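I opened a fresh page for this one and went through it with coffee in hand. Here are my notes, in the order I looked things up.

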Amino acid sequence: MPIELRKVSKDVVAELQHQWLEPLSKLPDVPDAPYEMAVAWAEKSPESPSGTDVHCIYDREKEEALAIATFKPVFPNNPDGWLKVMNIGLSPWFDLRQPETEESNRFTRGKILGQIASSLVIGGLELATSVGVKKVKIYASNEITLEFFELVVSTMDTELYKLSELSVDTHGNWLVFTVG
């Protein structure tokens, strides 16, 4: 599945409204509020202060928005700077209360969630380079998210770490990637 990060624009917001919010009217067991807040936050992102950007994690094959996240540089172009990745919001398709999330689909969901997580890491490292920092900090908003990211890291190839001079650590609910 080819996944890419797309900076949120008016077109991306329109896709989020169509793909995330419209189907919710047919799903009474799935609450609208978290998804409405995520889309509203994405819509306001061009007005965000100090270089904060919202990006969509996008499946190019299915033309589908899988998740959104905030990327905020802290002390850009500074050796002590970093890029924060926060406010990760997943598509309603991943909500277990949705009737279409059948047992057969749960295995697929796990694989796609892993791809989203690795896209956040790789995309974060690429964006960090573009703002002149060597560190990416991804915020896990709860223990489940933190455990999931730790699982992703534990399955990454250790040779890749050595070749790329990448180190990984945790600081509370922050998963920290440092290059060099």
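**Entry 1: strands S2 and S3.** I began with Tyr58 and looked for its bridge partner in S3, which turns out to be Ala65. This is a predicted model, so I kept that in mind for everything below. Strand S2 covers residues 53–59, and seven bridges join it to S3 in an antiparallel arrangement. I then asked how much of S3 is covered: nine of the 11 residues in this strand, 64–74, are buried.

I also checked what lies over the face of Tyr58, and found Arg6 there, at 3.5 Å from the ring centre.

**Entry 2: the turn between them.** The hairpin of S2 and S3 has four residues between the strands. Glu63 lies in that loop. I noted its phi, which is positive at about 55° although Glu63 is not a glycine. For context, I reminded myself that most residues other than glycine have a negative phi. Is Glu63 buried or exposed? Neither label fits, because its relative accessibility is 44%, and Glu63 counts as partly exposed.

**Entry 3: on to S4.** I followed S3 to its other partner. Seven bridges join S3 to S4, and these strands also run antiparallel. I wrote down two positions here: Pro73 has Leu83 as its bridge partner in S4, and Ile68 stands opposite Gly89.

The loop between S3 and S4 holds Asn77. I found a positive phi of about 55° here too, and Asn77 is not a glycine. With a relative accessible area of 66%, Asn77 is exposed.

**Entry 4: S4 and S5.** Next I asked in which sense S4 pairs with strand S5. They are parallel, with three bridges, and S5 spans residues 135–139. Lys84 stands opposite Lys137 in S5. I looked at where the side chain of Lys137 goes as well: its charged end sits over the ring of Trp82, 4.0 Å from the centre.

**Entry 5: Thr52.** I stopped at the loop between H2 and S2, where Thr52 is found. Thr52 counts as buried, at 11% relative accessibility. I looked up its C-alpha distance to Val85 and got 9.9 Å, for two residues 33 apart along the chain.

**Entry 6: aromatic pairs.** How many aromatic pairs does a search of the whole structure find? I got four. The one I wrote up is Trp20 with Tyr35: the ring centres are 6.3 Å apart and the planes stand at 90°, so I filed the pair as edge-to-face. Trp20 is in helix H1 (residues 10–21) and Tyr35 is in helix H2, so the pair ties together parts that are 15 residues apart in sequence. Both Trp20 and Tyr35 are buried.

**Entry 7: the largest pocket.** I looked up the space in the largest pocket and noted about 820 Å³. It is lined by 27 residues, and the closest to the centre are Ile88, Gly89, Leu90, Asn142 and Thr145. Gly89 is already in my notes, as the residue opposite Ile68.

Which elements give two or more residues to the lining? They are helix H2 (33–44), strand S4 (82–90), helix H3 (103–130) and helix H4 (143–155). I sorted the lining residues by character too:

- 18 are nonpolar.
- Six are polar.
- Three are charged.

**Entry 8: the whole chain.** I left the overview for the end. The protein chain has five helices and seven strands. Along the sequence, I read the pattern as β-α-α-β-β-β-α-β-α-α-β-β. Of its 180 residues, 39% count as buried.

**Recap for my own benefit.** S3 is joined to S2 by seven bridges and to S4 by seven bridges, while S4 pairs in the parallel sense with S5. S4 is also among the elements that line the largest pocket. Of the two loop residues I flagged for positive phi, Glu63 is partly exposed and Asn77 is exposed.

Terms used: Residues are numbered from 1 along each chain as its sequence is written. This is a predicted model: local features need pLDDT of at least 70, side-chain atom pairs count only at pLDDT 80 or more; totals for chains, interfaces and linings use all residues. Side-chain values use heavy atoms; hydrogens and water are left out. On a 1 Å grid over the protein atoms alone, a cavity is a set of points where a 1.4 Å probe fits but cannot get out, and a pocket is an open set with protein on both sides within 12 Å along at least five of seven lines; lining residues have an atom within 4 Å of a point. Grid points are joined across faces, edges and corners, and a volume is the space filled by probe spheres set on the points. Ala, Val, Leu, Ile, Met, Phe, Trp, Tyr, Cys and Pro count as nonpolar, Asp, Glu, Lys and Arg as charged, and the others, Gly among them, as polar. Buried means under 20% relative accessible area, exposed over 50%, partly exposed in between (1.4 Å probe, protein chains only). Two strands pair if DSSP finds at least two bridges between them. Rings of Phe, Tyr and Trp (its six-membered ring) pair if their centres lie within 6.5 Å; planes under 30 degrees apart count as stacked, over 60 as edge-to-face and the rest as tilted. A charge sits over a ring if NZ of Lys or CZ of Arg is within 6 Å of the ring centre and within 35 degrees of the ring normal.
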